[in-house]
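The following exercises concern one protein chain and are solved step by step. Please have the sequence and the model at hand before starting.

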Amino acid sequence: MSDDAVRLHSLTRRYGSGGTSVTALDDVSLAFPRGTFTAVMGPSGSGKSTLLQCAAGLDRPTSGSVTVGGTELTGLSETGLTLLRRDRIGFVFQAFNLLTALTAEQNVALPLRLAGRRPKKAHVREVLHQVGLGDRAGHRPTELSGGQQQRVALARALITRPDVLFGDEPTGALDSRTGREVLTLLRGMADRNGQTIIMVTHDPVAASFADRVVFLVDGRVNGELLGASAAAVAAHLTELEAAPC
Ligand code: ADP
């Protein structure tokens, strides 16, 4: 059994065909060890979302392979992919995507209900407590701040105890203080629970919470930084954006 929660091998994703085709990812190989927190950065159009979608089994690569927890995704049927996503993967997005008619507690319990499992109240409460919302279980999203709503979304992603959590700009809609609170929670998920976090971000401060920052340019990996400060990440991004195409 490998110690990598996710592995991308020679991942290529092309959209369209012939003269108008776009290569969004071009032969990307990356490993994400268990319990680590990786940020993925790069200019707009560099392939970050495509990487996340392919790694999470939401999109299929043109060639190459994705392995999640030892299971190769390319060999799975749509049903197999759905089950794998349901059981092993969590997502948080920039938009919180909470159901406004439901309370925090009901939103968090939803993935279990959708999977046909009966949520245990104590478990739901415990996960809400973990994200600092133990006293907000009965509130609806409109009664919560943006940071609190994102924490509900995080609790909803955590309720199934996923091995891997994918974040697509999870702090993009938050002010810097609440953004930091959410990032601290993500950091804790890696450190305390051994969960693996893969997060796309534009924000060097958000990236500085990660163990590693991987940079993409034109669909290819263009370097990485380990344990970098926000200033070091920002400097590297400036260099990338100044480099001639
Ligand atoms: P990023 O997230 O870094 O902004 P994306 O992964 O969204 O980059 O896009 C990478 C490239 O692939 C871009 O050139 C984009 O226009 C193209 N692309 C993404 N999705 C599609 C699609 N569904 N159809 C055609 N081209 C796409």
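**Exercise 1.** Determine which residues lie nearest the centre of the largest pocket and which elements line that pocket.

*Solution.* Step 1. Of the 21 residues that line the largest pocket, Arg85, Arg86, Ile89, Phe91 and Pro111 lie nearest its centre. On a 1 Å grid over the protein atoms alone, a pocket is an open set of points where a 1.4 Å probe fits, with protein on both sides within 12 Å along at least five of seven lines, and lining residues have an atom within 4 Å of a point. The model is predicted: local features need pLDDT of at least 70 and side-chain atom pairs count only at pLDDT 80 or more, whereas totals for chains, interfaces and linings use all residues. Residues are numbered from 1 along each chain as its sequence is written, and side-chain values use heavy atoms, with hydrogens and water left out.

Step 2. The space in the largest pocket is about 490 Å³, a volume being the space filled by probe spheres set on grid points joined across faces, edges and corners.

Step 3. Two or more lining residues come from each of α2, β6, α3 (104-114) and α5. Helices (H or I, at least four residues) and strands (E, at least two) are DSSP runs numbered from the N terminus. The most is given by β6, with five residues.

Step 4. By class, the lining holds 13 nonpolar, five polar and three charged residues. Here Ala, Val, Leu, Ile, Met, Phe, Trp, Tyr, Cys and Pro count as nonpolar, Asp, Glu, Lys and Arg as charged, and the others, Gly among them, as polar.

**Exercise 2.** Establish the strand order of the open sheet of six strands, and describe the helices that lie across β6 and β7.

*Solution.* Step 1. The order is β6-β7-β8-β3-β9-β10, and the pairing is mixed; two strands pair if DSSP finds at least two bridges between them.

Step 2. Because β6 (89-93) and β10 (220-226) each have a single partner strand, they stand at the edges, and one side of each lacks a neighbour in the sheet. From one strand to the next, the twist averages 20°.

Step 3. Four bridges link β3 (residues 37-41) with β8 (residues 196-200) in the parallel sense. Within this pair, alanine 39 has methionine 199 as its bridge partner in β8.

Step 4. Helix α2 (residues 78-88) lies across β6 and β7 (164-168) at about 75° to β6, and helix α5 (residues 146-158) lies across β6 and β7 at about 165° to β6. Such angles run from 0 to 180 degrees between N-to-C directions, with axes fitted to C-alpha atoms, for helices over the stretch in contact.

**Exercise 3.** Describe the open sheet formed by four strands.

*Solution.* Step 1. The order is β2-β1-β4-β5, with antiparallel pairing. The edges are β2 (22-33) and β5 (71-72), so one side of each is left without a neighbour in the sheet.

Step 2. Helix α1 (residues 48-55) packs on this sheet and touches β1 (4-15), β2 and β4, its direction making about 125° with that of β1. Contact means heavy atoms within 4.5 Å.

Step 3. Eight bridges pair β1 and β2 in the antiparallel sense, and arginine 7 stands opposite alanine 31 in β2. Their hairpin has six residues between the strands, and glycine 16 takes a positive phi near 75° there.
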